Amino acid sequence: MNKVKLLCLGLITITGSAFAQEKGVPTPQWRPAYHFTPQNNWTNDPNGLIFLNGEFNLYYQHNPFENKWGHMSWGHATSKDLISWKHLPVAIPEVITKDTTTWIYSGSAVLDKNNTSGFGVNGKPPLVAIFTADQPKQKKESQFIAYSNDGGLSYKQYAKNPVIDLNMHDFRDPNVFWHEESKQWVMTVSMVDEHMVRFYGSKNLKDWTKLSDFGPAGFTKNGWECPSILPLVVDGNPANIKWVLFVSLGGEHGPLIQYFVGDFDGTTFKNINDNSKILKTDYGDAFYAAIAWRDAPQNKKILLGWLQNGRQETYPWKGQMSIPHDLSLKTTSEGLVLNQLPSVFVTKALPKYAKGKPVEKKNVTIGSSGLKLPGDGNAYWIDAEFDIKNAKRVGFNVVEKAGTDKKVVVGYDAEKQQLFVDCTGSEKNNKSPENLVQTAPMSITGGIVKIKVLVDRSSLEVFGNDGEKVISTMIYPDKEATGLSAFADGEAAIKNLKLWNLNNDVK
Ligand code: FRU
């Protein structure tokens, strides 16, 4: 668990006023227009992502009572297009008895098509949620299941919980899927302090047998959380599949989510790289605890992360999700690596939510004073292609405050061969000094660099070169800081640019 959440937990204990809802100062200027946030109160990890009957279901770590971490329950929302969300009642609430408080920590949900669990009624397959029950009084985490017979709106706890109990303090975040080849349910779950992912198998979601362990490997300085493994297509060839194992790494510093590429045979994961190699999913300081919709249409695997919001208070909500990422694997000069682009479901729906037609530019030289663009309300989406010519750096100044030096700079540094986000000009109060400048190594060919910049009031997500590198971060600009311009240090041109104004509050 990261420090910010621990701090919140500490406050609850000290004040002893778990239910006292404090009224905060409303911060509509930071409420995202096209990213998911709960209507009210706290969220952290996405949970139980499942595509059902034409809808993306999102469950999420939620405190239904307060704008800070605590009372962990599963909030619920659904969407047809991954932009607009319908908010639904809490699906799995915390359970409080005289002796025990059970918090519903992170996990996954599956449609049990063949009713292997026997929880189905009237021939209708049940949904089964598999999650960690955190019991603070017992200092214990074990794996529980709950089932839904109403399409995922509400869940009943299984009477014989826990289904896996190692009597451990930190053992969490089960992610379950049906593995057709070995005809079993497979779970990845985190042995947090051992830096291991444990694999379990089951025929009925109730009885689980240990299959294997993976780790320690890669980055081991922080606890391991939220593991999940996904089969991904390599270089667009559906006959070539490799498995990617994601592990979130609690803590403010170091990589936030690492991944391993390899093979999975239904029992064991074999890393194709040396176990010391660290591959980063995102190079920013926010994208965390991500899991995927593994059953989306068009065989898309869509990763969704929580964008950790660090030190700044927002009200009446706290916490938001990332833009959903479509995943694939690509052979590059750095080896076989993850590629991530904003999901095609999002990009398809985008024009529907944009104000008017996108602003377009083609073959425009960027002068020494830059090129002004409309940054209306800090909710927009830019797809840009630069011809970098002899410039040292190209990119955008976003959230500029007129008459001041306040801004965030996003771009490509040709000398350092890096995609970068520089928040030094406006986020000193919100970020630790190490996180003010965030960079990702990225090479370009023929002087062409492609950048997507998604600004959504308090989030900034940057995708370089068709999804080779991603930097996600949170920013908290002043209300009036809505300036936007393209810049070049030297001679450069915009080959192509499209800018969608998304300053509409999507419901
Ligand atoms: C990750 C995490 C998970 C845990 C949940 C609790 O952010 O710490 O490991 O299940 O959050 O809210």
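These are brief notes on the fold, packing and charge layout of a predicted model.

1. Secondary structure. The chain carries 37 strands and 2 helices.

2. Overall size. The radius of gyration is 22 Å, and the globule rule gives 23 Å for 507 residues. The two values are close, so the chain is as compact as a globular protein of that length. Along the principal axes, the C-alpha atoms fill a box of roughly 70 × 55 × 45 Å.

3. One open sheet. Five strands form it, and the pairing is mixed. The order is S4-S3-S2-S1-S22. Strand S4 (86-92) stands at one edge and strand S22 (317-318) at the other. Each has a single partner strand, so one side of each is left without a neighbour in the sheet.

4. The S1/S2 pair. Within that order, S1 sits beside S2. Strand S1 covers residues 41-52 and strand S2 covers residues 55-63. Their pairing is antiparallel and runs over 7 bridges. To check the register, look at Ile-50: Asn-57 in S2 stands opposite.

5. Burial and contacts. Of the 507 residues, 59% count as buried. Take the contacts between residues at least 6 apart in sequence: 60% of them join residues at least 24 apart.

6. Surface. The chain exposes about 20,000 Å². Carbon and sulfur atoms supply 52% of that area.

7. Charge. There are 56 positive side chains and 53 negative ones. How far apart do the centres of the two sets lie? The separation is 3 Å.

Note on methods: Residues numbered from 1 in each chain as written. Predicted model: local features only at pLDDT ≥ 70, side-chain atom pairs only at ≥ 80, totals over all residues. Heavy atoms only, no water. Pairing = 2+ DSSP bridges. Helix = DSSP H or I, 4+ residues; strand = E, 2+ residues; numbered from the N terminus. Rg over C-alpha atoms; globule rule 2.2 N^0.38 Å. Buried < 20%, exposed > 50% of the residue type's maximum accessible area, 1.4 Å probe, protein only. Contact = heavy atoms within 4.5 Å. Areas by Shrake-Rupley, 256 points an atom, 1.4 Å probe, with all protein chains shown as cover. Lys, Arg positive; Asp, Glu negative; His and termini not counted. Charge placed at Lys NZ, Arg CZ, Asp CG, Glu CD.
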